[in-house]
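User: Please take a close look at the salt bridges in this model. Then set them against the rest of what can be described around the chain.

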Amino acid sequence: MYASACNGSKDSSPIFYLVGTPSLQDVFFLPVFFIFLSFYLLILVGNALILLAVVIEPRLHKPMYFLINLSALDILFTTSTVPKMLSLLLLGDHYLSFSACFLQMYLFHSFSCSEAFILVVMAYDRYVAVCRPLHYPVIMTPQTNAALAASAWLIALLLPIPAVVQTSHMAFDSTVYIYNCFCDHLAVVQASCSDTTPQTFMGFCIAMVVSFLPLLLVLLSYAHILASVLRISSREGRSRAFSTCSSHLLVVGTYYSSIAIAYVAYRADLPLDFHIVGNVVFAILTPVLNPLIYTLRNKDVKAAITKMACPQDLGHHEDL
């Protein structure tokens, strides 16, 4: 795309106006607000319970449980966008300052990258546990786990910086209309009156690195896991091996399903509202489902949360 003329002054910072969902009528703002608020509270409470369970339950201190990273990420990821959405719906607060918009953009994409890389680390953990079980305690030491988690966070925090910085140097009108519920990179680029081609290409390249490279590594890990499991002679052994991976597989499926929804909504010839809803689904779906998946599918997590909720009942049953 070619640059268009800007009406804003170069001496003043632009103000960003979040349009939200254009076709959503005012009468639906309050019901949608309560729906989003319910999801947000579910995310906060569910992930906080998992964080607490991992901290206080010794059985969950095993390397497999990078849950403390995943749960913290889900809280941070949604907190970077959902409170502003709630303010927009309840108070009609559409405006963001220049610095607030780009901070939100950076945090949203950094935390999204972090989740992709943490899922890769968890896939590697499962690969070592299933394919090299005798070497697992030697390979997946606490120091290795900390290094892997720290590397995932560091790469994710650094990766969006070039795109965010270069986008902040683009030309904007004094009031910038963002057709989204938050300051997503592509939505802000499209609202600029500079040539958007370089930034769109950079965003596409980063998306490929963040989405497809981690997915490829996860699939590679599970290809090795599947090959190892199929060599196990007993059905019980195969079932036990698969069960150790089921929660992680569901989380990976949920994460990449939400990305696929956002991508299809953007690429397909659909009304603008569908593009915006696709982004909102990506921002909310995975953090909502992750606590449910790990609580319902993982016996250790379920037992730890039950123990926190009903310590006296659990103690009574153990005495019996």
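Analyst: A salt bridge here is a side-chain nitrogen of Lys or Arg within 4 Å of a carboxyl oxygen of Asp or Glu. The model is predicted, so local features need pLDDT of at least 70 and side-chain atom pairs pLDDT 80 or more, while totals for chains, interfaces and linings use all residues. Residues are numbered from 1 along each chain as its sequence is written, and side-chain values use heavy atoms, with hydrogens and water left out.

Searching the whole structure gives two salt bridges. One joins the side chains of Lys 84 and Asp 93, with an N to O distance of 3.0 Å. Lys 84 counts as buried because its relative accessible area is 13%, and buried means under 20% (exposed is over 50%, partly exposed lies in between; 1.4 Å probe, protein chains only). Asp 93, at 30%, is partly exposed. This pair therefore brings together a buried lysine and a partly exposed aspartate.

The other salt bridge links the side chains of Asp 125 and Arg 126, N to O at 2.9 Å. Here both Asp 125 and Arg 126 are buried.

Charged residues are absent from the next site. The second largest pocket (an open set of points on a 1 Å grid where a 1.4 Å probe fits, with protein on both sides within 12 Å along at least five of seven lines) holds about 430 Å³ of space, the volume being that of probe spheres set on points joined across faces, edges and corners. Its lining has 23 residues (those with an atom within 4 Å of a point), and Thr 21, Val 32, Phe 36, Val 277 and Val 280 are the closest to the pocket's centre. The lining of this pocket contains 20 nonpolar residues, three polar and no charged (Ala, Val, Leu, Ile, Met, Phe, Trp, Tyr, Cys and Pro are nonpolar; Asp, Glu, Lys and Arg charged; the others, Gly among them, polar).

Helix 1 (29-56), helix 3 (82-91) and helix 11 (272-297) each give at least two residues to the lining of the second largest pocket (helices are DSSP runs of H or I with at least four residues, strands runs of E with at least two, numbered from the N terminus). Helix 11 provides the largest share of that lining, eight residues.

Three pairs of residues show where separate stretches of the chain come together. Pro 31 belongs to helix 1 and is partly exposed, with a relative accessible area of 42%. Between Pro 31 and Leu 89 there are 9.3 Å from C-alpha to C-alpha, for a sequence separation of 58 residues.

Leu 96 lies in strand 2, residues 95-96. Leu 96 counts as buried because its relative accessibility is 11%. Its C-alpha is 7.6 Å from that of Leu 18, and the two residues are 78 apart along the chain.

Ala 116 is part of helix 4, which covers residues 98-131. With 1% relative accessibility, Ala 116 is buried. The C-alpha atoms of Ala 116 and Val 210 are 6.7 Å apart, although 94 residues separate the pair in sequence.

To return to the request: the salt bridges are Lys 84 with Asp 93 and Asp 125 with Arg 126.
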